[in-house]
Amino acid sequence: MKSLRAPFVLIAAAAFSVAVGAQALATLQVQRDQISVTVQVNVTPAVGMRSPGSPPPIALAMAMRARGSAPDYVAQAQVQSAVRVQTVVSPNPNATLLYYNTPAVVINQTAGTSATYSCAYTITVDKTSAAWSLDDGLSNDFAAPSFPGSDLANNTYVQGATPQPTSTPFVVYPNNNNAWYKFASSIGKKTYCVDLVLTIPSSVAGGAYTTNAVYTLYF
Amino acid sequence: MRGWMGVCVLLIAAVLLPVSRADAGTGTTKVQWYVTGILRFTLTPNYFNGYGTVPATFGSQPPASPGPGACLQGCAVDFGTVLQNGQYLYKYAAHLHIVTNDVSGFKVYGEGSADFSDGGANAFPVTGSLYYLPSGPSSDSNTGYTPSFQFRKTSGTVNPAVPVFASAPAISYTSYPAAMFTSSSPTNDYYQDYQLKVPASAPVSASTYFVWVVYTVVPQ
């Protein structure tokens, strides 16, 4: 019995140090960069649904016009005004740590349908000297008015490799106790293809909705 | 002879007069008028105290800090010095106040007149870099990650074609792009923040990059 005790203590100590070490490594990783890809969805209303602000049905429009005789209206063609937007760009040695191939994705889709958009964008991590981890998630539900961000799923895989067997709904940061989803840990340079799978509930009104797919790099 | 002619004139007038009165009682008169269209549009940059740039972050927000080219209720929307691949919010960027007498309301279009240019050889695209999002007249809880919409580079004809830092261009359209806003009431106010996503590949330049964002208001 005594002869077994010493190896057991050694193994337990080793396991403990591995666990503590891994945890320490995880907690030592700090946020180094964060980027976002804007996802804009232009929703066409499902058949039988009417967009808010869209013209009333023809019979109603005729009744409204007949109620009063509008004066002849001479429209002024248009009025323009402009504002100058300016900035000074300075170098960022970390600009290529984490980047995308496109800052925004625009999807046109009908309410009540589901569709997949292959490699809608790519995300690249380029850090060769340290192990890193990458989190993702949505900044918000789609706005406005709103439909759930979890209706957007992603299938994220190393570019050139086979996609995952299934896609995973994005976590929505404020709905997930302000936490992201850790989807990758690696070392070196990796580019990920992100397939988007969007399911729009049939009750969603026509219009433009946006959110941000946010990527956070730690090492 | 003169007296005879005068009697004749009087007789003719006496015969015609009652007829005229009867016509005045039953005839129709067409009255037609035109109303001159009124369309007033006031664009106010940096419309409220606290305007300026905030780096994109989650959680507590740093104070806004505009660039030197900005001033309260005027001047430019100046993000100041930004980093390549950085992402920023600009609070209280633009207030659009529109008044028209068109009962059908109006539409508002907003586009970049060109790409960002430093006036020399350096440039980066406005599409995908500059965004707008709704703000409030005197309060603003947006962050650099609040959902927003892209400003796109116009496909209209810009005059002058080469961007000039000190003077705003005009855009003429043969067809309008998608509307930024559609108002069904004749008067409306819109408050906007901007967001800037600086491309990682944006060339570093000692000169100031600029783009004119042109708003167009058209009665419906």
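**Chain A, chain B and the contact between them**

Buried residues account for 26% of the 219 residues in chain A. The model described here is predicted. It scores ipTM 0.86 and pTM 0.82. For chain B, the mean pLDDT is 91. In that chain, 89% of the residues reach 70 or more.

Chain A holds 2 helices and 10 strands. Read from the N terminus, its elements follow the order α-β-α-β-β-β-β-β-β-β-β-β. Contacts in chain A often link distant parts of the sequence: among those with a separation of 6 or more, 84% join residues 24 or more positions apart.

Two loop residues of chain A can be placed against each other. A:Ala144 sits in the loop between strand E6 (114-138) and strand E7 (152-158) of chain A. A:Asn178 sits in the loop between strand E8 (168-169) and strand E9 (181-199) of chain A. In sequence, A:Ala144 and A:Asn178 are 34 residues apart. In space, the C-alpha atoms of A:Ala144 and A:Asn178 are 21 Å apart. A:Ala144 has 14 other C-beta atoms within 10 Å, so it is partly exposed. A:Asn178 has 10 other C-beta atoms within 10 Å, so it is exposed.

The two chains meet in a contact that takes 59 residues from chain B and 41 residues from chain A. On the side of chain B that touches chain A, several elements give two or more residues, including strand E1 (34-36), strand E6 (77-83), strand E12 (149-150) and strand E14 (170-172) of chain B. E2, E7, E16 and E17 of chain B are also among them. E17(B) gives the most to this side, with 11 residues. By class, the side of chain B that touches chain A has 38 nonpolar, 18 polar and 3 charged residues.

Strand pairing also crosses from one chain to the other. Strand E3 (residues 79-90) of chain A pairs with E17(B) in the antiparallel sense, over 9 bridges. One bridge partner of a residue in this chain A strand is B:Tyr209 in E17(B), which is matched with A:Thr87.

The largest nonpolar core has 82 residues. Within this core, A:Val85 and B:Tyr194 touch the most other members. Strand E17 (residues 209-219) of chain B gives the most to the core, with 9 residues. In soluble globular proteins, nonpolar side chains tend to be buried together. B:Tyr194 is in contact with A:Val85, once neighbours within four places in sequence are left aside. Under the same condition, B:Tyr194 is also in contact with B:Val77, B:Tyr90, B:Ala93, B:Leu130, B:Tyr131 and B:Tyr132.

Strand E7 of chain B spans residues 87-100. Of its 14 residues, 11 are buried, so the strand is largely enclosed by the rest of the structure. E7(B) has several pairing partners in chain B. Strand E2 (residues 39-45) of chain B pairs with E7(B) in the antiparallel sense over 7 bridges. Here B:Leu43 stands opposite B:Leu96 in E7(B). Strand E3 (residues 52-55) of chain B pairs with E7(B) in the antiparallel sense over 4 bridges. B:Thr53 has B:Tyr90 in E7(B) as its bridge partner. Strand E16 (residues 187-197) of chain B pairs with E7(B) in the antiparallel sense as well, over 10 bridges. In this pairing, B:His95 stands opposite B:Tyr191 in E16(B).

Some backbone angles call for comment. Most residues other than glycine have a negative phi, and most peptide bonds are trans. A:Asn178, the exposed loop residue of chain A, has a positive phi of about 55° although it is not a glycine. B:Gln73 is not a glycine either, and its phi is positive, near 55°. B:Gln73 is placed in the loop between strand E4 (70-71) and strand E5 (74-75) of chain B. With 13 other C-beta atoms within 10 Å, B:Gln73 is partly exposed. The peptide bond from B:Asn159 to B:Pro160 is cis, with omega near 0°. B:Pro160 lies in the loop between strand E13 (157-159) and E14 of chain B.

Terms used: Residues numbered from 1 in each chain as written. Chains lettered and ligands numbered in written order. Predicted model: local features only at pLDDT ≥ 70, side-chain atom pairs only at ≥ 80, totals over all residues. Buried ≥ 20, exposed ≤ 12 C-beta atoms within 10 Å, placed from the backbone. Core = buried A, V, L, I, M, F, W, Y, C linked by C-beta atoms within 7 Å. Contact = placed C-beta atoms within 7 Å. Pairing = 2+ DSSP bridges. Nonpolar A, V, L, I, M, F, W, Y, C, P; charged D, E, K, R; others polar. pLDDT = per-residue confidence, 0-100.
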